[in-house]
Amino acid sequence: MSDLHPDHKKRFLRRVFLALVLCAALSSAARAEERWVPLGPAGGGNVSLLAQGTSDPGRLYAVTEPRGFFASHDGGRTWRSIRGGGWNGGLIAHLAVAPSDPDFVLAATSGDAPFYQIWRSTDGGATWAAAVRPPEGEGESRPTADLTFDPTDSTTAFAATDRGIFRTLDGGATWNCWALPNVGTAAIAREPGAAGTWFASGVDLLDFHPAI
């Protein structure tokens, strides 16, 4: 290397340094992959949904097939089955955990009357109460395709349905159509740092074209 021009030496060293950084990153990625371990819940069946309490990252909820519901308070190391009272045992399609309270959970289900329902629990799933007025339209309850809390207000949540986006202002007790009544919405998302900016995917029911 002593015969190299100084500028060439610098470029060579930069290439070597970049190669070392890349190798280190690949090595770290390999080590991270090796750290994946099965955590359960044991005997619960296939896990179909997983939700985390953002205010308490160790709090996890898991839905298993066909009708299991489990909770963990230690990041998934141990799980306990929850057979919460008041719930009709319908199939859980979606879960949402309040951003400020990991015990406050909303669950969208199908089965029994009304066939599509939203349930709420304020004690980590021990007891559940059905929405007094779930998302409705055309005289019947609507299926929920996505469910999310307002990130700054745990009394406000949003449900994407086949007849628009519904909103609750009372923690899930009552729901009213809030936006896109003519769009069958499949997913909703709010832009971080921009409270008034939302994204929704779905199908325009007036002309059946995919919309976003």
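**Strand pairing and buried positions in a predicted model**

Strands β1 (residues 47–53) and β2 (residues 56–64) pair in the antiparallel sense over six bridges. The model is predicted. Two residues separate the strands, and β1 and β2 form a hairpin. Within this pairing, Leu49 has Val63 of β2 as its bridge partner.

Ala62 also belongs to β2. Its relative accessible area is 1%. Ala62 therefore counts as buried, since that value falls under 20%. Residues up to four places away in sequence aside, Ala62 touches Val47, Leu49, Leu50, Gly68, Phe69, Phe70 and Trp79. For Trp79, the separation along the chain is 17 residues, and the C-alpha atoms of Ala62 and Trp79 lie 9.0 Å apart.

A second hairpin involves β12 and β13. Strand β12 (residues 153–161) runs antiparallel to β13, and five bridges join them. The hairpin connection between β12 and β13 consists of two residues. Ala157 has Thr168 in β13 as its bridge partner.

Strand β13 (residues 164–168) has a further partner. Three bridges join β13 to strand β14 (residues 176–179), again in an antiparallel arrangement. Here Ile165 stands opposite Ala179 of β14. Strand β13 is mostly covered, with four of its five residues buried.

Thr109 is found in strand β6 (residues 105–110). The relative accessible area of Thr109 is 3%. This residue is therefore buried, the limit being 20%. The Thr109 side chain makes a polar contact with the side chain of Trp119, at 3.2 Å. Beyond its neighbours within four places in sequence, Thr109 is in contact with two stretches of the chain listed here by residue. One list comprises Trp87, Asn88, Gly90, Leu91, Ile92 and Ala93. The other comprises Phe115, Tyr116, Gln117 and Trp119. Trp119 thus appears both in the contact list and in the polar contact of Thr109.

At the level of the whole chain, the model contains one helix and 17 strands. The chain has 212 residues, of which 35% are buried. Among contacts with a separation of 6 or more, 34% link residues 24 or more positions apart. The exposed surface of the chain is about 12200 Å². Carbon and sulfur atoms supply 58% of that area.

Note on methods: Residues numbered from 1 in each chain as written. Predicted model: local features only at pLDDT ≥ 70, side-chain atom pairs only at ≥ 80, totals over all residues. Heavy atoms only, no water. Pairing = 2+ DSSP bridges. Buried < 20%, exposed > 50% of the residue type's maximum accessible area, 1.4 Å probe, protein only. Polar contact = N/O pair within 3.5 Å; in protein donor to acceptor, adjacent residues only side chain to side chain. Contact = heavy atoms within 4.5 Å. Areas by Shrake-Rupley, 256 points an atom, 1.4 Å probe, with all protein chains shown as cover.
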